[in-house]
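Visitor: I would like a close look at one part of this model, the nonpolar patch on the surface. Please take it residue by residue where you can, and then place it beside the strands and rings.

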Amino acid sequence: SSAPGGGLSAGGSGKRDEIFVDVVERLSATFGGGGAHLVGGSIDGAVQVRSFLSGSPALSLALSDGLVISGGGPGSASGGGGGARPPSYGGAGSDPSLVFLEDALFHESVSLARFEADRTLDLPSPPDGEFTAVAYRAPPPARPPFSVRAGVEPDPDAPGKAVVTIRVRADFPPDRAAAAWEATLPFPPGVVRVTRARGAFHEHG
């Protein structure tokens with residue numbers, strides 16, 4: 001998502017004061033043989049800021065009150081949630097009001113003075129231009145935004161060959177899109193050649 005803000009800068013120069021905040025996430029997921037069961041995965045995300053404000057005024061970013069960071073290490077912050085931990089795959093028994101992060105790394109200009117109290121990131125003197133306010137890793141969602149199913153059948157017209165079918169279903173609204181989507185299908189060592197046929201696209205309402 002992107003949240004712009006705008007206005008004319010002082011001095012009547014005509015240059016617009018603008019700031020954009022984007023949340024960018026990359027989801028990696030491993031499905032079981034049937035395609036319906038999620039067996040592993042992670043989310044690598046970042047809150048990216050593009051600031052073009054005159055004078056570099058102080059900024060504050062309010063994150064979710066239910067944010068729980070269970071990881072540690074340099075540049076990370078933890079706390080909240082009463083010792084809660086990220087749910088297992090499938091999310092059984094997890095509190096939907098909580099947002100779990102396994103680790104987080106904050107930009108050097110971010111002040112965490114209020115983070116433990118109300119999950120607010122303060123930037124007293126933010127840099128001009130583009131920077132990553134926080135980078136994080138999170139467990140995969142209980143219900144991924146897509147499902148992948150693979151099927152293998154003998155080729156009736158060619159003995160010794162098989163037909164592999166991969167079906168991908170997107171389970172998110174039509175006004176959203178996934179960029180740089182990639183599927184990896186491992187084959188046994190005995191496979192000597194793979195040919196690809198053009199797939200069919202079916203839009204579901």
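Guide: The nonpolar patch on the surface is formed by Val152, Val164, Ile166, Val168, Trp181, Leu185, Phe187, Val191 and Val194, and together they have about 750 Å² of accessible area. The model is a predicted one. Strand S10, residues 162-170, supplies the largest share of the patch, three residues. Valine 191, another member of the patch, lies in the segment after S10. Its relative accessible area is 37%; because partly exposed covers the range between 20% and 50%, valine 191 is classed as partly exposed.

The aromatic rings come next. One aromatic pair is counted. Its rings belong to phenylalanine 106 and phenylalanine 115, with centres 5.5 Å apart and planes at 70°, so the pair is edge-to-face; the cut-off for that class is over 60 degrees. Both phenylalanine 106 and phenylalanine 115 are buried. Elsewhere, arginine 50 sits over the face of phenylalanine 20, 4.7 Å from the ring centre.

Phenylalanine 106 also leads to the strands, as S6 spans residues 103-106. Strand S6 pairs with S8 in the antiparallel sense over four bridges, and within that pairing leucine 105 has alanine 135 of S8 as its bridge partner. Strand S8, residues 129-138, also pairs with S2, residues 38-52, again in the antiparallel sense, over nine bridges. There, isoleucine 43 has alanine 138 in S8 as its bridge partner.

How values were computed
Residues are numbered from 1 along each chain as its sequence is written. This is a predicted model: local features need pLDDT of at least 70, side-chain atom pairs count only at pLDDT 80 or more; totals for chains, interfaces and linings use all residues. Side-chain values use heavy atoms; hydrogens and water are left out. Rings of Phe, Tyr and Trp (its six-membered ring) pair if their centres lie within 6.5 Å; planes under 30 degrees apart count as stacked, over 60 as edge-to-face and the rest as tilted. Buried means under 20% relative accessible area, exposed over 50%, partly exposed in between (1.4 Å probe, protein chains only). A charge sits over a ring if NZ of Lys or CZ of Arg is within 6 Å of the ring centre and within 35 degrees of the ring normal. Two strands pair if DSSP finds at least two bridges between them. Helices (H or I, at least four residues) and strands (E, at least two) are DSSP runs, numbered from the N terminus. Patches are made of residues with over 30% relative accessible area and no salt bridge: like charges are joined within 9 Å, nonpolar side chains (Val, Leu, Ile, Met, Phe, Trp, Tyr) within 5 Å. Accessible areas come from the Shrake-Rupley method with a 1.4 Å probe; for residues, only the protein chains shown count as cover. A salt bridge is a side-chain nitrogen of Lys or Arg within 4 Å of a carboxyl oxygen of Asp or Glu.
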